[in-house]
Amino acid sequence: MSANSRLTIAAHALAWIGLYQRQGHEVATSEQIATSANTNPVVIRRLLAELRKAGLVESRRGLGAGWVLARELESITLLDVYEAVEPGPLFAMHRATPDQDCVIGYGIQPAMQGIYEGVEETLRRELARITLENVLRDVLAAPR
């Protein structure tokens with residue numbers, strides 16, 4: 001199993017757009033953002049489309065096409081980003097029902113469900129505390 005980087009790349013894209021706009025640029029292209037994130041522009045476009053559906057970015061077409069923030073970085077939390085790009089629960093149960101005649105198979109899902117609900121509640125609470133402005137501040141303060 002590998003870790004999912006969608007939240008990280010989405011936060012990267014939003015912070016990049018925010019900084020780019022503060023530097024006086026009107027729109028950012030998916031190619032520019034992809035270069036910074038060292039990924040394919042298609043990956044960025046797909047994430048930005050999800051962020052657009054959530055009302056976090058807007059796309060501009062035609063001459064000067066690209067992406068702009070729909071809200072200020074101070075008003076976008078990591079929870080907003082997480083909910084836009086990570087639909088569904090953080091953890092999942094077995095794809096097939098475990099053996100109900102086995103004591104572990106019978107009890108594992110109820111036991112783990114309670115644990116997962118607590119972990120997810122804690123995650124959401126922490127992500128709600130942190131804005132993209134906080135992320136950009138920490139990015140700019142990182143030693144080079």
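Contacts, helix packing and the largest pocket

Not counting residues up to four places away in sequence, G55 touches A70 and R71. The model described here is a predicted one. G55 is placed in the loop between α3 (41–53) and β1 (57–60). With a relative accessible area of 32%, G55 is partly exposed, because that class lies between the limits of 20% for buried and 50% for exposed. One of the two contact partners, R71, is 16 residues from G55 along the chain, and the C-alpha atoms of G55 and R71 are separated by 7.9 Å.

Another loop residue, N38, is found between α2 (30–37) and α3. N38 has a phi near 55°, which is a positive value in a residue other than glycine. The relative accessible area of N38 is 72%, so this residue is exposed.

Helix packing was examined for α4 and α5. Helix α4 covers residues 78–85 and helix α5 covers residues 103–129; the two pack at an angle of about 125°, and their axes are 6 Å apart. The helices α4 and α5 are therefore oblique to each other. On the α4 side the contact is made by L78, L79, Y82 and E83, and on the α5 side by E120, L123, R124, L127 and A128. Divided by class, the residues of this contact comprise 6 nonpolar and 3 charged, with no polar residue.

One of the α5 residues in this contact is A128. A128 has its place in helix α5 and counts as partly exposed, at 38% relative accessibility. When its neighbours within four places in sequence are left aside, A128 is in contact with T77 and L79. T77 and A128 are 51 residues apart along the chain, yet their C-alpha atoms are separated by 5.6 Å.

T77 itself lies in the loop between β2 (66–69) and α4. Its relative accessibility is 16%, and T77 therefore counts as buried, the limit for that class being under 20%. With residues up to four places away in sequence not counted, T77 touches L127, A128, I130, T131 and L132. Of these partners, L127 and A128 also belong to the contact of α4 with α5.

T131, a further partner of T77, is found in the loop between α5 and α6 (132–141). At 15% relative accessibility, T131 counts as buried. The residues touched by T131, again not counting those up to four places away in sequence, are L73, E74, I76 and T77. The contact between T77 and T131 thus joins the loop between β2 and α4 to the loop between α5 and α6.

The largest pocket has a volume of about 240 Å³. Its lining consists of 14 residues, of which N4, S5, Y82, E86 and L90 are the closest to the centre of the pocket. Two or more residues of the lining are given by each of the elements α1 (6–22) and α5. The element that gives the most is α1, with 3 residues. By class, the lining of the largest pocket has 7 nonpolar, 5 polar and 2 charged residues. Y82 is listed among the residues closest to the centre of the pocket and is also one of the α4 residues in the contact with α5.

Methods: Residues are numbered from 1 along each chain as its sequence is written. This is a predicted model: local features need pLDDT of at least 70, side-chain atom pairs count only at pLDDT 80 or more; totals for chains, interfaces and linings use all residues. Side-chain values use heavy atoms; hydrogens and water are left out. Axes are lines fitted to C-alpha atoms, for helices over the stretch in contact, and angles run from 0 to 180 degrees between N-to-C directions. Helices (H or I, at least four residues) and strands (E, at least two) are DSSP runs, numbered from the N terminus. Angles under 35 degrees count as roughly parallel, over 145 as roughly antiparallel, 65 to 115 as roughly perpendicular and the rest as oblique. Contact means heavy atoms within 4.5 Å. Ala, Val, Leu, Ile, Met, Phe, Trp, Tyr, Cys and Pro count as nonpolar, Asp, Glu, Lys and Arg as charged, and the others, Gly among them, as polar. On a 1 Å grid over the protein atoms alone, a cavity is a set of points where a 1.4 Å probe fits but cannot get out, and a pocket is an open set with protein on both sides within 12 Å along at least five of seven lines; lining residues have an atom within 4 Å of a point. Grid points are joined across faces, edges and corners, and a volume is the space filled by probe spheres set on the points. Buried means under 20% relative accessible area, exposed over 50%, partly exposed in between (1.4 Å probe, protein chains only).
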